[in-house]
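This report goes through a helix, a pocket, the cysteines and a few loop residues. The sequence and structure come first.

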Amino acid sequence: MWLRTVDRSLLIQGWQDVPFINPANVVFVYMLVRELVDERVATEPELQAVVLTCLYLAYSYMGNEISYPLKPFLVEDSRDAFWDRCLGIVHTMSAKMLRINAEPAYFTEIFTELKACGTLSMVLQTA
């Protein structure tokens with residue numbers, strides 16, 4: 001829901017002509033989130049901040065525009081915290097961000113892992 005809300009907002013504001021949320025871009029966001037969300041992310045607001053920062057970086061890296069407004073991605077008062085998180089993510093993940101676009105096998109590996117998470121989630125819900 002967080003991803004779609006941002007996507008809708010940017011469409012309505014005219015920042016993009018087509019939705020950004022598609023399978024390839026979701027795989028990119030998932031790759032970032034899976035590396036960055038751990039037990040240190042203790043609250044839902046913290047989780048939302050991390051996920052939306054990852055989404056911002058995905059838009060910046062994979063999107064059609066050279067820049068996007070920050071407001072739809074911010075869920076906290078501190079822009080400094082947002083930019084610090086962005087820099088940390090880029091520092092930690094830049095090699096993988098380049099790799100997922102350069103190596104189809106790596107993309108497929110991440111995509112397969114994401115599909116398996118969805119399948120596990122469905123199994124747990126029906127159990």
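Contact here means heavy atoms within 4.5 Å. The model is predicted.

**Helix α3**

In that sense of contact, the cover over the buried residues of α3 includes α1 (2-12), α2 (23-36) and α4. The buried residues of α3 are Ala49, Val50, Val51, Leu52, Thr53, Cys54, Leu55, Tyr56, Leu57, Ala58 and Tyr59. The helix has 19 residues. From its first C-alpha to its last, α3 reaches 26 Å, close to the 27 Å expected at 1.5 Å a residue.

**The largest pocket**

The largest pocket holds about 180 Å³ of space. Its lining is made up of Leu36, Asp38, Arg40, Val41, Glu46, Ala49, Val50, Arg85 and Ile89. Which helices supply at least two residues each to this lining? They are α3 (44-62) and α4 (79-102). The largest share, three residues, comes from α3. By residue class, the lining divides into five nonpolar and four charged residues, with no polar ones.

Two of the lining residues, Ala49 and Val50, are also listed among the buried residues of α3. Arg40, another lining residue, is found in the loop between α2 and α3. Arg40 has a relative accessible area of 64% and is therefore exposed. Along the sequence, Arg40 and Asp80 are 40 residues apart, and their C-alpha atoms lie 19 Å apart in space.

**Cysteines**

How many disulfides does a search of the whole structure find? The search finds zero. Cys54 is in no disulfide, and the nearest cysteine sulfur to its own, that of Cys86, is 8.8 Å away. A disulfide would need the two sulfur atoms within 2.5 Å. Seen from the other side, Cys86 is likewise in no disulfide, with the sulfur of Cys54 as its nearest cysteine sulfur, 8.8 Å away. Cys54 counts as buried because its relative accessibility is 0%. Cys86, at 5% relative accessibility, counts as buried too.

**The loop between α3 and α4**

Pro72 sits in the loop between α3 and α4. Is Pro72 buried or exposed? Pro72 is buried, because its relative accessible area is 18% and the cut-off for buried is under 20%. Leaving aside neighbours within four places in sequence, Pro72 is in contact with Val6, Ser9, Leu10, Gln13 and Leu52. Among these partners, Leu52 is one of the buried residues of α3. Pro72 and Leu3 are 69 residues apart along the chain, yet their C-alpha atoms are separated by 9.9 Å.

Glu76 is also placed in the loop between α3 and α4. Its relative accessibility is 28%, so Glu76 counts as partly exposed. With neighbours within four places in sequence left out, the contacts of Glu76 are Ala49, Ala81, Phe82 and Arg85. Ala49 and Arg85 are also found in the lining of the largest pocket. Glu76 and Leu47 are 29 residues apart in sequence, and 11 Å separates them in space, C-alpha to C-alpha.

The C-alpha pairs are set out below.

| Pair | Separation in sequence | C-alpha to C-alpha distance |
|---|---|---|
| Arg40 and Asp80 | 40 residues | 19 Å |
| Pro72 and Leu3 | 69 residues | 9.9 Å |
| Glu76 and Leu47 | 29 residues | 11 Å |

Key
Residues numbered from 1 in each chain as written. Predicted model: local features only at pLDDT ≥ 70, side-chain atom pairs only at ≥ 80, totals over all residues. Heavy atoms only, no water. Buried < 20%, exposed > 50% of the residue type's maximum accessible area, 1.4 Å probe, protein only. 1 Å grid on protein atoms, 1.4 Å probe; cavity = no way out; pocket = protein on both sides within 12 Å on 5 of 7 lines; lining within 4 Å. Points joined across faces, edges and corners; volume = space filled by probe spheres on them. Helix = DSSP H or I, 4+ residues; strand = E, 2+ residues; numbered from the N terminus. Nonpolar A, V, L, I, M, F, W, Y, C, P; charged D, E, K, R; others polar. Expected span 1.5 Å × (residues − 1).
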